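User: Please explain the terms used for this model, setting each value against its definition.

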Amino acid sequence: MIPQDFFKILSKKAISFYTGVPDSLLKNFCSYVNDNVSRENHIISTNEGSAIALAAGYYLSSGKPALVYMQNSGFGNAVNPLLSLMDPEVYGIPVLLMIGWRGEPGVKDEPQHIKQGRVMTELLKSMEIPFRIFNKSTSDPELEISELYTTSISNNCPSAMLISEGFFDNYTSVSRTENPYIVSREEAIKMITDMTGDNDIIICTTGKASRELYELQKKKKSVNQNDFLTVGSMGHSSQIALGIALNKKNRNVFILDGDGAVLMHMGSLAVIGSESPENLKHIILNNGAHESVGGQPTAGFKISFTETAKGCGYKMAALAETPEQIRHEFEKLKNSKGPALLEIRVSCSSRSDLGRPVTSPAENKKVFTEHLRK
Ligand SMILES: Cc1ncc(C[n+]2csc(CCOP(=O)(O)OP(=O)(O)O)c2C)c(N)n1
């Protein structure tokens with residue numbers, strides 16, 4: 001389906017406010033929205049739960065349901081406000097959900113998406129959220145949307161469009177996220193891995209950063225025994241790292257984080273600051289975008305991560321963008337007393353031939369924990 005046609009159907013239903021967290025499967029539709037909806041009527045949120053709450057505020061003040069888009073990985077973040085805010089047994093607030101169905105049964109996908117994909121329809125059923133599946137065989141999307149919309153309005157409830165891979169046709173965005181930074185995320189990760197040793201632990205964020213780290217380390221060694229790849233649970237790398245840092249005080253624990261991921265659960269910085277582990281070193285690879293899922297902008301360049309970290313009690317926070325600054329600041333970070341933060345400004349780019357881990361998360365966990373517990 002052409003994203004523009006889908007958008008037109010939604011417009012006929014008076015859907016005029018869009019919010020959500022981007023998803024690769026929905027990127028053609030989200031890019032169309034980004035190009036064609038005004039800034040105040042399309043807000044890229046930091047967290048799927050926050051997007052639901054934003055839609056609630058929009059409905060309370062306008063009387064119109066919003067559309068909230070998300071990847072099904074982020075549905076967990078949305079469950080709480082869906083059940084305790086929007087549900088007809090609480091405030092009863094209509095909203096149209098657009099959920100990218102990663103891990104749909106029968107479609108090949110990454111390990112972190114398999115179970116979420118398999119339980120997706122049962123999850124919606126058990127939450128009593130009416131839904132329709134949209135795939136290449138959906139013959140009348142307008143009718144399906146119309147029925148969902150009517151149900152939402154008449155029952156004062158959320159309803160959901162579960163979108164299969166390949167449902168949306170390609171759409172090339174006219175507003176690609178560009179930034180002035182010269183070092184790519186992969187180059188920054190390479191500099192860091194060149195400057196870390198066998199005693200250092202790296203916890204890496206969700207998306208392409210983990211795939212890049214995996215490939216870089218694979219080139220150097222046969223097993224990545226010191227790296228933990230947070231393939232799912234976006235935004236939680238820093239708390240995984242905190243759990244390890246508090247237990248392994250004699251080893252530096254580095255977090256390779258993304259701006260979108262940090263923003264998703266920014267409260268974690270407050271816990272790190274107040275627990276104050278000296279060996280925790282937080283690196284944010286800030287490209288101002290959700291590069292891994294299509295490059296949709298984040299608030300990464302509109303806020304100050306370094307000031308936020310300092311305000312949360314980090315002992316040191318620095319910014320770097322050139323190769324020289326990155327090497328210099330990383331050396332300082334390594335030798336500093338943490339918790340410490342280094343924000344690296346990187347370009348919004350990645351290789352088109354980037355691979356994926358060939359070993360399973362369970363195998364990675366085995367190697368990582370065996371080495372860590374020694
Ligand atoms: C809870 C959740 N929501 C959404 C996604 C989809 N997703 C995977 S990677 C990613 C972008 C991450 O952005 P950022 O942390 O800035 O890293 P970048 O891709 O720019 O390196 C998103 C939105 C997800 N995996 N989990």
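**Sheet and ligand shell**

Analyst: Six strands, in the order β8-β7-β9-β10-β14-β13, form an open sheet with parallel pairing. The model is predicted: local features need pLDDT of at least 70, side-chain atom pairs count only at pLDDT 80 or more, and totals for chains, interfaces and linings use all residues. Residues are numbered from 1 along each chain as its sequence is written.

User: Why are β8 and β13 said to stand at the edges?

Analyst: β8 (227-229) and β13 (316-320) each have a single partner strand, so one side of each is left without a neighbour in the sheet. Strands here are DSSP runs (E, at least two residues), as are helices (H or I, at least four), numbered from the N terminus.

User: How do you know that β10 and β14 pair?

Analyst: Pairing requires that DSSP find at least two bridges between two strands. Six bridges join β10 (residues 280-286) to β14 (residues 340-345), and the two run parallel; the criterion is therefore met. Leu285 stands opposite Ile344 in β14.

User: What makes a residue part of the shell around the ligand?

Analyst: Its C-beta atom, placed from the backbone, must lie within 6 Å of the ligand. 25 residues surround the ligand, and the closest are Gly74, Gly207, Gly258, Gly260 and Ser292. The largest share, three residues, comes from α10.

User: Which domains contribute to this shell?

Analyst: Domain 1 (3-163) and domain 2 (185-373) each give at least three residues to the shell. Their bounds come from an automatic or database domain assignment.
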